[in-house]
Amino acid sequence: MKAQARHILVKTADEAEKLKQRIANGEAFDVLAKKFSICPSGKRGGDLGEVRPARWSALSTGNFQKTLRVVHGPIKSKFGYHLVQTFYRD
């Protein structure tokens with residue numbers, strides 16, 4: 001199984017919630033990822049490319065079980081708090 005997803009990684013749940021609200025209010029996910037994400041993928045608008053469950057176990061709930069094209073989170077991992085949006089799974 002694989003999924004194509006993007007995410008925003010921040011240090012606190014509060015930061016993630018604020019960004020999620022901004023996205024809900026119409027701000028562009030990729031622009032916010034470039035500005036706020038602490039993950040190197042932020043430079044690509046949060047694009048993770050194709051991911052597999054074993055590689056992203058902390059994010060598997062968001063990537064492999066939740067509704068497609070919806071921003072989910074914050075999801076806690078050892079790196080911080082993620083907002084995740086999955087585009088397809090197979």
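Reader: Quick one first. What is a polar contact here?
Author: A polar contact is a pair of N or O atoms within 3.5 Å. Within protein, one atom must be able to donate a hydrogen and the other to accept it. Residues adjacent in sequence count only if both atoms are side-chain atoms. One more thing before we go on: this is a predicted model.

Reader: Fine. What does the side chain of His 72 reach?
Author: The backbone oxygen of Thr 67, at 2.9 Å. That distance is within 3.5 Å, the cut-off for a polar contact.

Reader: And where does His 72 lie?
Author: In strand 3.

Reader: Is His 72 buried or exposed?
Author: Buried. Its relative accessibility is 13%, and buried means under 20%.

Reader: Ser 77 next. Where is it found?
Author: Ser 77 is also part of strand 3. It is buried, with 11% relative accessible area.

Reader: Which side chain does the side chain of Ser 77 make a polar contact with?
Author: That of His 82, at 2.6 Å. A polar atom of the Ser 77 side chain also lies 3.0 Å from the backbone nitrogen of Phe 79.

Reader: Let me step back. How many helices and strands does the chain have?
Author: Three helices and four strands. From the N terminus on, the order is β-α-α-β-α-β-β.

Reader: How are the four strands ordered in the sheet?
Author: The order is 2-1-4-3. The sheet is open, and the pairing is antiparallel.

Reader: Which strands stand at the edges?
Author: Strand 2 and strand 3, residues 71-77. Each has a single partner strand, so one side of each has no neighbour in the sheet.

Reader: By how many degrees are neighbouring strands turned against each other?
Author: By 35° on average, with direction ignored.

Reader: What about strand 1 and strand 4? Over how many bridges do they pair?
Author: Over eight, in the antiparallel sense. Strand 4 covers residues 80-89.

Reader: Which residue of strand 4 stands opposite Ile 8?
Author: Leu 83.

Reader: Now the helices. Which strands does helix 1 lie across?
Author: Strand 1, strand 3 and strand 4. Helix 1 runs at about 170° to strand 3. Helix 2 packs on the sheet too, touching strand 1, strand 3 and strand 4. The direction of helix 2 makes about 45° with that of strand 1.

Reader: On to the inside. Which residues make up the largest nonpolar core?
Author: There are 10. The core includes Ile 8, Val 10, Ala 16, Leu 19 and Ile 23. Phe 29, Leu 32, Ala 33, Val 71 and Leu 83 belong to it as well.

Reader: Which elements each supply at least two residues of this core?
Author: Strand 1, helix 1 and helix 2, which spans 29-36.

Reader: Why would nonpolar residues gather like that?
Author: In soluble globular proteins, nonpolar side chains tend to be buried together.

Reader: Take Phe 29. What does it touch?
Author: Leaving out residues up to four places away in sequence, Phe 29 touches several residues, among them Ile 8, Ile 23, Val 71 and Leu 83. Those four belong to the core as well. Phe 29 also touches Arg 6, His 7, Gly 45 and Gln 85.

Reader: What share of the chain counts as buried?
Author: 43% of its 90 residues.

Reader: Charges now. How many salt bridges are there?
Author: Three, counting a side-chain nitrogen of Lys or Arg within 4 Å of a carboxyl oxygen of Asp or Glu.

Reader: Which residue does Glu 50 form a salt bridge with?
Author: Lys 2, with the closest N and O atoms 3.6 Å apart. This pair links distant parts of the chain, 48 residues apart. Glu 50 is in strand 2, and Lys 2 is in the segment before strand 1. Glu 50 is partly exposed at 42%, and Lys 2 is partly exposed at 23%.

Reader: And Asp 14? Which partner does it have?
Author: Lys 18, at 3.2 Å between the closest N and O atoms. Both lie in helix 1, four residues apart, about one turn of the helix. Asp 14 is partly exposed at 46%. Lys 18 counts as exposed at 52%, because exposed means over 50%.

Reader: Last one. What does Arg 22 form a salt bridge with?
Author: Glu 27, with the closest N and O atoms 2.9 Å apart. Arg 22 is partly exposed at 29%, and Glu 27 is partly exposed at 34%.

Technical notes: Residues are numbered from 1 along each chain as its sequence is written. This is a predicted model: local features need pLDDT of at least 70, side-chain atom pairs count only at pLDDT 80 or more; totals for chains, interfaces and linings use all residues. Side-chain values use heavy atoms; hydrogens and water are left out. Buried means under 20% relative accessible area, exposed over 50%, partly exposed in between (1.4 Å probe, protein chains only). A nonpolar core is a set of buried Ala, Val, Leu, Ile, Met, Phe, Trp, Tyr and Cys residues joined through side-chain atoms within 4.5 Å. Contact means heavy atoms within 4.5 Å. Two strands pair if DSSP finds at least two bridges between them. Axes are lines fitted to C-alpha atoms, for helices over the stretch in contact, and angles run from 0 to 180 degrees between N-to-C directions.
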